[in-house]
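Student: I should like a close look at a single part of this model, followed by an account of how the chains around that part are arranged. Please take the part first and the wider assembly afterwards.

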Amino acid sequence: MALATVVASCSLVLGVVPISASAAGGINTSAACKGTPVKGGSLTYARQTGPVTLNNFYPTNGNGDIFADTLLYQGLVQPDPKGTTQNVVPAVAKSWTVSPDGLTYTFNLRPGIKFSNGTPVTAADVVFSLNYFANPKLDETAVLAGGFKSASVVNASTVKMTLSAPTPGILYNMSIFDAFIVPKALVTKQGKAFWNNPVGTGPFKLSKWVRGSYITFVRNPYYWEPGLPYLDKVTYQYASNDNTRLLDLENNQAQIADGIPFTSVQNVKSNSNLTLQPAKVPYWVGLWMNFQRKPFQDLNVRKAMQYAIDKATINKTVFQGLGTIPNSVLPQLKYDAPNSVVKPYTFDLAMAKSLMAKSAYPKGFTVTLQYPSGYSEYTNLVLILQAELAAIGITVKLVSMDQATMTAQYMKGKYDLTFPYAEFTSDVTVPDEYATFVTTYAGGGYSFFSWWNNPTIAKMVTTFTHTASESSRAVQWPKIQAAMMAQTPFINIMDLPFLNAHRNNVCGTYLNPLGADSLQYTWIAK
Amino acid sequence: MSDLAHLVTVPWRRLRALGSWEITTGIVVVAVLMIASLLAPLIAPYPPNQIDVLHSLQPPSWHHWMGTDFVGRDVWSRVLYGLRIDMLVVAVITYLGLAIGVIVGTVAGYVGGWFDAIVGRVADTVIAFPFIVLVLAVIAIVGPGLKGVAIGIIIAGWALYARLARSEMLAMREQPFLMSTKALGYSHVRAIFRHALPNLVRTSLVYSTVDVVVNMLVLAGMSYLGLGQQAPGADLGSIIASGQGYLLSAWWITTIPGAVLVLFGLGVSLIGDGITRGDLPQGAL
Amino acid sequence: MLAYTARRVGVSLVQLLGLSFLSFMLIHFVPGNPIATMLGPRATVQEVARISASLGLNKPLPEQYWLFLGHLLSGHFGQSITFSQSISSLIGQRLVPSLALIGYGTLVALVIGVPLAIVSALRADTSVDHGIRIFTTVSFAMPIFWSGLILGIVFGLKLGWLPVSGYGTGFWGIVRSLTLPAVALGLSLLAVIVRTLRSSIRHVMALEFVEAVRARGFTTSRVFVSHVFKNAIMPTVTVLAVNVGFLIGGTVVLEQVFQIPGLGTLLFQAVEQRDYPLVETLTVLAGSVVVLLNLSTDILQAVVDPRVRPGAHSV
Amino acid sequence: MALLTVAGLRIAFSHRGGSTEVVRGVEFAVEPGETVGLVGESGSGKSLACRSIIRLMPAHATMTASKVEFDGRDVLAMSAKELRDHRAHSVGMIFQDPYSCFDPTMRIGEQVAETLRVNAGLEGDAAKARALELLESVDIASPEQRFRAYPHELSGGMRQRVMIAIAISASPKLLIADEPTTALDVTTQAQILGLIEQRRRESGMAVLLVSHDFGVIAQACDRVVVMYGGYVVEAGPVAEVCARPQHPYTRGLLSSIPSLESAGRRVRRAGIPGQPPNPADLVAGCPFADRCAQVRPACRELHVALEGVGDGHVTACPYVRDGVPVTNAGGSR
């Protein structure tokens, strides 16, 4: 979920904490939350960015839109709302079956499920929404509907979806904002106006929206999970300024805040009223090397760089030990093999030096590194990188840029080294999307604008994404992971969690594995 | 704007006769800050970017006069170095803008005609253009950092001086001494630069005491927004911004550099004040 | 009077045209593409090209400028790229907080500044005058974001009187949430008001007519209110108008500090996202405010002070 | 009994580092209905001296006097309220520069009417009607039109007429005219002086005419007071002083007027060499000593005091009589 969002000014979200997939990481286990959940109450959530549109098919402000959409709507399936696994679990569909050839999906709708305006969800609504999802004119991320052929009504509570080729990743793509289920009749009738006052099957419904300032949701009385949500009212209060969110939290003007900056981790930890909640998400610091530049075409150089970068030190000094040293060039995704199978690059200066000596550039070379301005983590990070790469003869010139400029330069291939997106997360928990992006050279994609072209790995990825069998996919991916790690076309500097913080009496603050929360389990202890 | 000449030149003459407490105090304050920042490498007790995590967020003490920040850098040392870069940049942008503006304005006022018309309209447009947008756009083009801010401020800043100089030149053109230089057969260039310019520069110099303060604030503001000085380099705005998150627990990181900024502004303003005897030139800011 | 107004309006129109050109060129010079910025990592070259074409961003620049002028003149300003809304409705939503902040800030500056200026002028060169001057100079030298932060800490967090950030609901909610930023804005404006008013009061007080009026046996307050102040206030109004550009700048920063959903925040986002039409429109509008205020103060001055009128001549 | 008696008047300006006395013990008197001239170069203190009558001091100036008595009342002892009444009803004043002594932002008629409303308690239409009457009485043609004019739209002479209208609106007992004609051209000067004289005759008020121009004084006044360097150096009936000037300064002033007929023309006082003194430079002795052709050492220690020479004619110079140096005269004082 949530791709790079460009957040105003100096905010930053770099998350933290090496948690295992268990969600215990930040879930409040304080005494107050041991009791039975209490119904009622209202919650203010200080968020760093807010929605500019509630049209889930066409978000224009990244997480700002998506996090609001997640309260309002749901898809047929959803990412595990408690974040315990990276799997998809039932939502609007109570269950589904996949034909053995992987081409036909049959979804059985949840009996009695209703939209927040009280009208029942019908198979027609689902078909309408899936067609929306696959229409590039209507859905900004229709690329995620790759493989979709058609959807049809089987009966009032059953929908059939057929694919043109086995594309198991589509189920994960359908779990997120781009395939949420909306009422056909209302959308058809109201057109654009629908999105100003939308209805969905999420736990909350829209109450009041002051654009740019706050948005208030109230309980959806027709929500399908019995007894949920606990809260009567949720207000997302937007504050792009990190400091403001923290102050709001400390001041109890807000009870949860997202995007806790690294520099404030100690601050939050030392405040006895607050709980820091790191959540594991596919969030990473991806360093891009431009393959149009000769030195980076040399595998020895790329590997030397991997060995020269002391990720443990970076984790300690920049990310306060809360990151995870990656064993992939991509973020942490489903099917990833553990370190015992695919080893991370560990700091080894001697190895790095010998690789450089073996390369075409034994005396080193000079490159520029473009990095996003306004993020103190990045500033600290690039200084360390500069020093560490200097040790193997690579002279790095630092150039800070604002996000828009950096993205433009990146897409035009005008860079040597760059961090294309300051806040870089995968939309989905499975590797299909990013693996495809990073290996698709043709058609103007240039392998995610790295100009890396490796047909072998590309073929492995294509096979993987079109394998219907879950067990086969689980076998294939670690091989791709290892191959990419060996080739190291990108350098994943660090895997990071999302960092939220909440007041101690706020309980059940689960994030799904993509970092979004729908707050149906959240309650406030007395 | 023509009142300005009166507001300024008359008190200027008086100043030379009198001197005043404002000027004395102002000069002392600015001089102390300037000397301290120039001597930063000698008097700063620590390197400005030296991290000492063990001693982070220390309140002001004998070891750290202004305390330390969240990675244990000495705030006093950072303030000294920050002030140094800020003063340098502000002096350069203000007086470069002044020089450009005065020259363009003087020439425009002197030669008149289409050149004057164009300069006048361009200056008016730049003045009407929201300053901050201009600076933001230039930063977006040049890239974040002091360079972008400086270019932005100069692009916006010359216009007021040009307008000032132009209107004074128009008035001065009719004055006998300039007409007489013409009668004596001096060239235009000589007439402008030898005779008119020194008179015009005086007004602009007085106005620049306001401009210096404003530019200092803009510079700090941009650094605060993350668009000016890039970490780890220190300037007052970025030090203030870096302490924001610790306002409750470590007030000194934000408040003391802010106070130094205020002190500098106060010093410069007092000098300007002494010259104008408390009468702000119109159109200031 | 008519000829003067016409000429003055003409000059303003030229200025506005220059303004629109400048803002158009400036933002198109800036590297970065609004679509790529909006789409993030999902952006493929084709997708960016497709959406750009659908928004007319692939047309030649002169044509785009022409369209932009057309939008400006028609008054609906076209469509924002990133906010997928019409710019006029966006501005409609964000205008009130900004105007309220500017108005409230100016009010604070006037409420504090006018009495200070009067005292300062009447007690010129006394210690009271010096004290006021130091106070206003300090307030002028304070970075607006810094005073905003300090005010927020003291009155928001320590004392808990006012909210630290955000934009309240209802009249009093808005007043409460805007009080701290307005005070910060007002403080930054204080020096200009006090000094201008002080010097024009002193200037007017030294005029012979004031002595003449005093000689008629009028009370000091009558002399001051109906003669001195009336003559002295106009330069202050002019200076306020001139400083609207400065106020807009302060508002952009303060909206960031206090997280107020106003035009400043919108502008900041628009620049960051390279939302060309939005940046252009906001810039031209902000510039227009400055241009129009200067225009109207000039004309107002001609009305209030008959000497300014062209064709007014003494025999 | 005199309408106005001023004695021992001292006025000083305070500034950084002390104060400078610019009026140094002046005395003069005005009888009801008479016109008294106060003559002297700029800086002589005459303008300040005349303002002492209504205690209209500029900022930083302080006045002290042993006596300022008007119509039997002690001006020095007046409360603020009494002083306002005094200014509003007993004394009218007109000023040198009719260009700048009106509120530039207020219509002429409104300025007259305001005075009437505030000082005479007239309301609305009554004030306007009376204002029009007054404008007419100072020979302003088509007062209805002028009523709506702004000050800058009137000529200097016209403005001075309006000023006179305002000054006499309360039928004061004394009109102070501080250089009323200096800023006007010759023809207008004569008209204005004529107007003042006419109003004086009609109303029986006294006039204190302040001027640097002896010609004007000679033409318009009954008595004259000559000031120099903050002192009164000579005083007496105009005819007497003109005929038998005693003080060398007065002689110089008179000699710079070619003839009485040219009264009113601005003439360089070629008769007196040197510049008028800077008040701050005057320490002791006769203020005119530096420029006096007949100066003698004793002048530097002279205690300036007026001495009668007959017929109400007084002079501050003990050493010269009718242009001839005398020995020992008055030196003992």
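Tutor: A helix here is a DSSP run of H or I with at least four residues, and helices are numbered from the N terminus. The model under discussion is predicted.

The part chosen is helix α6 of chain B, which covers residues 131-142. At 1.5 Å a residue, its 12 residues should span 16 Å, and the end C-alpha atoms are 16 Å apart, which agrees. Of these 12 residues, 10 are buried, so α6(B) is largely enclosed by the rest of the structure. A residue counts as buried if 20 or more other C-beta atoms lie within 10 Å of its own. The buried residues of α6(B) are B:Phe131, B:Ile132, B:Val133, B:Leu134, B:Val135, B:Leu136, B:Ala137, B:Val138, B:Ile139 and B:Ala140. Just after the helix, B:Gly143 adopts a positive phi of about 105 degrees.

From the helix we may turn to the chain that carries it. Among the 4 pairs of chains that touch, chains B and C share the most contacts. In this pair, 46 residues of chain C are in contact with 40 residues of chain B. On the side of chain C that touches chain B, at least two residues each come from α1 (2-29), α6 (127-141), α7 (144-158), α8 (170-205), α10 (220-242), α11 (244-258), α12 (263-273) and α13 (276-304) of chain C. The most is given by α1(C), with 8 residues. By class, that side of chain C holds 32 nonpolar, 11 polar and 3 charged residues.

Chain B also meets chain A, with 17 residues of chain B in contact with 19 residues of chain A. The side of chain B that touches chain A comprises 10 nonpolar and 7 polar residues, and no charged ones.

Chain D stands otherwise. No contact joins chain B and chain D, although their closest C-alpha atoms lie 9 Å apart. Chain A and chain D do not touch either, and their nearest C-alpha atoms are 47 Å apart.

Within chain D there is an open sheet of 8 strands with mixed pairing, in the order β7-β8-β9-β3-β10-β11-β13-β12. At its edges stand β7 (91-94) and β12 (307-308) of chain D, each with a single partner strand, so one side of each has no neighbour in the sheet. Further in, β11 (residues 231-237) and β13 (residues 314-315) of chain D run antiparallel and are joined by 2 bridges. In one of the bridges to β13(D), D:Glu234 is partnered by D:Thr315.

Definitions and conventions
Residues are numbered from 1 along each chain as its sequence is written. Chains are lettered from A and ligands numbered from 1 in the order in which they are written. This is a predicted model: local features need pLDDT of at least 70, side-chain atom pairs count only at pLDDT 80 or more; totals for chains, interfaces and linings use all residues. Two strands pair if DSSP finds at least two bridges between them. Two residues are in contact if their C-beta atoms, placed from the backbone, lie within 7 Å. Ala, Val, Leu, Ile, Met, Phe, Trp, Tyr, Cys and Pro count as nonpolar, Asp, Glu, Lys and Arg as charged, and the others, Gly among them, as polar. The expected span of a helix is 1.5 Å times one less than its number of residues.
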